[in-house]
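Please open the model in your viewer and keep the selection tool at hand. The tour below goes from one selection to the next and says what is to be found at each stop.

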Amino acid sequence: MSFGSISYEAHSTLAVAMNRIGAKSNSGEGGEDPTRFERKENGDWERSAIKQVASGRFGVTSYYLTNSDEIQIKMAQGAKPGEGGQLPGDKVDDWIGATRHSTPGVGLISPPPHHDIYSIEDLAQLIYDLKNANRAGRVNVKLVSEAGVGTIASGVAKAKADVVLIAGFDGGTGASPMSSIRHTGLPWELGLAETHQTLLKNGLRNRIVVQSDGQMKTPRDLAVATLLGAEEWGVATAALVVEGCIMMRKCHKNTCPVGIATQNKTLRERFDGRVEDVVTFFQYMAEGLREVMAELGFRTIDEMVGQSQKLKIRDDIAHWKYKNLDLSPVLHIEQAREEDGVYNQTEQNHNLEQVLDRKLIQAAIPALEKGEAVNAEFPIINTDRSAGTMLSNEISKVYKDQGLPQPMNVKFNGSAGQSFGAFLAKGVKFEVEGDANDYWGKGLSGGTLVLYPDAKSSIVAEDNIVVGNVCFYGATSGESYIRGMAGERFCVRNSGAKVVVEGVGDHGCEYMTGGVAVILGSTGRNFAAGMSGGVAYVWDKAGDFETKLNPELVDLDPIEQEDRELILDMLTKHVEFTGSEVAQSFLDNFEASIASLVKVMPRDYKAVLLKRKAEAEQAQTEEVEAV
């Protein structure tokens, strides 16, 4: 349940209740207000212990990830697997916009896939990124119950996730399309049974915690889930009903009459849910489960996991659809090998002991402990992955979302591995002389990244790819200057970073919601697909850019004075940091270059900015008249 889906009051009530009883609430994919990370004077805590990382990467920063006990990668949603999601502009108020690092009033699109997960190896990389971002937290991967999910869950275990969640088709249906609710996904029982059996068959069950959810409402549901193989469970809809939800199914319309699934201030005032009611509900759930366990002869949940022989098939059902149903595959008991367990008994080894960031953290001690400036230099090779992520975690622990008070400048020489500078915190500047792999600047959180080819290299930078695919995926703030070309999906879902590059592949600026991208060269096809915010500038020297643009959500606007000033500032820095000959050429012939510069502007974003400008001018006029 993300912050865009339900109101602050409803989400806060659930979070406080879960923290009181030692359970965990989930932030959903909408980010989380940093004010919730601090405990209240009475000891209550609004912080969601589980932070979700979904395809939109809304509000996913180093500080956000640091303030979690568990990080959940939402691969799909039970009620709409593979479809992504959309938050209408009228639900994106000032608070939602700030939390998601986007523009209030502009609709937000969650892409159907995670653009940094196209294989199980990519998933392993994201798990590694997130484990570096918070070593103390578990990493959870949410899957949807469907045929073959057991095989995927085995890959998740091999990719070193700590938890796998099997979500049923019934969960999270409030804002889902009716076609999805009726025709996609399977009951959690089927996916859970397959997952447990497949993990046992492959000797992986003891390495990972198995969760399940999807309209679990009674202690009996929890007991059945445990007997089919889960040791943890998720309850959402029932908890919402306890705090007042009346199942109007208007979540997507912003008209919830009881103030739960709405951002409308008037309707939110109607919310009357109480923390105590939610606490009582979960106490009853726990007590009811204890009673079922006692009836079955189990003392602990661990003893109960996977003991499906305790489930009996009813033989008194005459309905033609059910009477001949064969449930033996669901109730099958897979025998574990002697050395393996039937529930989670060992921790995953994430191989974090010898990473480069250990050296970076040592170098950063003067910055972390005394707030002093730091300068350092290190060699780097392409097996050094997620460089800077663990360092940013340490900075977030000390300086929260403010970043270092004095700069930390680090020079690297060589080939940077995947996810270089992922979630890099404010105050840190990383400079690479060489090249870099995929996911450069993923989730950039205020830091600065610079890349240029090795001085000894004979390549012409602007004619060669120096950094891989999916750069700045979900970046929320910060800057980057890249001398050379980037691969595909450059700045996908960028929501705040300001970057310069000298050419990109296909799908540039896809789903972008904020920030600035300056591209001093050619682009691939399908540029700006799903782009709803931010601005892109493309130096269209060949005059063919319009044939590569996806015009569905954007226009090509004229360059204004404020654009000229911004371009001048960013290209001056680009020359200073990288020695770019392309940027220098642009500056040397500024007027002629500007004439061939194309400004890509999302329509809804432009309309909101113009409305704000008009309101500000009106307020200023009224203030002058009042004087």
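Helices here are DSSP runs of H or I with at least four residues, and they are numbered from the N terminus. Keep in mind throughout that this is a predicted model.

Begin with the second largest pocket, which holds about 1000 Å³ of space. Of the 31 residues that line this pocket, select E189, R220, V224, K312 and L327, which are the closest to its centre. Next, colour helix 7 (188-201), helix 8 (219-228), helix 11 (275-296) and helix 13, since each of these supplies at least two residues of the lining. Which helix gives the largest share of the lining? That share, six residues, comes from helix 8. If you then colour the lining by class, you will find 19 nonpolar, three polar and nine charged residues.

From the pocket, turn to the surface and select I313, I317, Y322, L325 and L327, which together form a nonpolar patch with about 450 Å² of accessible area. Within this selection, pick out I317, which lies in the loop between helix 12 (301-304) and helix 13 (328-331). Because its relative accessibility is 32%, I317 counts as partly exposed.

For the last stop, select L87, which is part of strand 3 (residues 85-87). Is L87 buried or exposed? L87 is buried, because its relative accessible area is 8%, and the cut-off for buried is under 20%. Finally, add K24 to the selection: K24 and L87 are 63 residues apart along the chain, and their C-alpha atoms are separated by 25 Å.

How values were computed:
Residues are numbered from 1 along each chain as its sequence is written. This is a predicted model: local features need pLDDT of at least 70, side-chain atom pairs count only at pLDDT 80 or more; totals for chains, interfaces and linings use all residues. Side-chain values use heavy atoms; hydrogens and water are left out. Patches are made of residues with over 30% relative accessible area and no salt bridge: like charges are joined within 9 Å, nonpolar side chains (Val, Leu, Ile, Met, Phe, Trp, Tyr) within 5 Å. Accessible areas come from the Shrake-Rupley method with a 1.4 Å probe; for residues, only the protein chains shown count as cover. A salt bridge is a side-chain nitrogen of Lys or Arg within 4 Å of a carboxyl oxygen of Asp or Glu. Buried means under 20% relative accessible area, exposed over 50%, partly exposed in between (1.4 Å probe, protein chains only). On a 1 Å grid over the protein atoms alone, a cavity is a set of points where a 1.4 Å probe fits but cannot get out, and a pocket is an open set with protein on both sides within 12 Å along at least five of seven lines; lining residues have an atom within 4 Å of a point. Grid points are joined across faces, edges and corners, and a volume is the space filled by probe spheres set on the points. Ala, Val, Leu, Ile, Met, Phe, Trp, Tyr, Cys and Pro count as nonpolar, Asp, Glu, Lys and Arg as charged, and the others, Gly among them, as polar.
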